Amino acid sequence: MLARAGYALRHGGYNGLMEAAARGAARHGVPVTAITLADRPDWGAFNPYVTTTVYAPTVGARLHAYLDDADLVVAMGGGVGTLHELTAALYYATTIRSVPVWLLGPTACRLSAFLRAEGWLTESPTRPLGFLRELPDAEALAADLKALDAGRCEP
């Protein structure tokens, strides 16, 4: 859905959900960029849909490679790496640039509810959360994507 709308994919480059997202993006001909740490051959080969690679020297540089010019961040369930990237995106969107962050699916929505309930994620006048959306399913994603694209500047 995102690739059909013209969004390129940046991801870790490996298997599982990352590979499934890359397969869908590749079907629509958008760039699929793997962003990983340099000097980590032990992490294995990239999935076959990767078209470009970025090898970052540090974890911080890797997160900036994801976020500095992203149009949208979408997170679903995953492991501790996904959790780290999501919390970095939440911090980035509240302090650096208000990039939209969409939490897709029941797992991501439960995480958001937990973070709010426990006070890890709170809205304030200096930290608005208008960038954050909890999307329970693909229909909600489609509706928000349509609204986001309506406000998107075309080149």
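This passage describes the surroundings of histidine 11, a group of aromatic rings and a nonpolar surface patch in a predicted model.

Histidine 11 belongs to strand β1, which spans residues 9–11, and with a relative accessible area of 5% the residue is buried. Beyond its neighbours within four places in sequence, histidine 11 is in contact with Met18, Ala22, Val32, Thr33, Ala34, Ile35, Asn47, Val50 and Tyr66. With one of these residues, asparagine 47, there is also a polar contact between the two side chains, at 3.1 Å.

As to aromatic residues, three aromatic pairs were counted. Tyrosine 14 and phenylalanine 46 form a tilted pair, with 5.2 Å from centre to centre and 35° between the planes. This pair links distant parts of the chain, since tyrosine 14 lies in the loop between β1 and α1 (17–27) and phenylalanine 46 in the loop between β2 (32–37) and β3 (52–56), 32 residues apart. Tyrosine 14 counts as buried at 12% relative accessibility, whereas phenylalanine 46, at 22%, counts as partly exposed because the limit for a buried residue is under 20%. Phenylalanine 46 also pairs with tyrosine 55, again in a tilted arrangement, at 6.1 Å centre to centre and 45° between the planes; tyrosine 55 is partly exposed, with a relative accessibility of 49%. Through ring pairs, Tyr14, Trp43, Phe46 and Tyr55 are linked into a cluster.

On the surface, a nonpolar patch is formed by Leu17, Val74 and Met76, which together have about 230 Å² of accessible area. Of these residues, valine 74 is placed in strand β4 (residues 73–75) and is partly exposed, its relative accessible area being 31%.

Technical notes: Residues numbered from 1 in each chain as written. Predicted model: local features only at pLDDT ≥ 70, side-chain atom pairs only at ≥ 80, totals over all residues. Heavy atoms only, no water. Helix = DSSP H or I, 4+ residues; strand = E, 2+ residues; numbered from the N terminus. Buried < 20%, exposed > 50% of the residue type's maximum accessible area, 1.4 Å probe, protein only. Polar contact = N/O pair within 3.5 Å; in protein donor to acceptor, adjacent residues only side chain to side chain. Contact = heavy atoms within 4.5 Å. Patch = residues over 30% accessible without salt bridge, like charges linked within 9 Å, V, L, I, M, F, W, Y side chains within 5 Å. Areas by Shrake-Rupley, 256 points an atom, 1.4 Å probe, with all protein chains shown as cover. Salt bridge = Lys/Arg side-chain N within 4 Å of Asp/Glu carboxyl O. Phe/Tyr/Trp six-rings, centres within 6.5 Å; stacked < 30°, edge-to-face > 60°.
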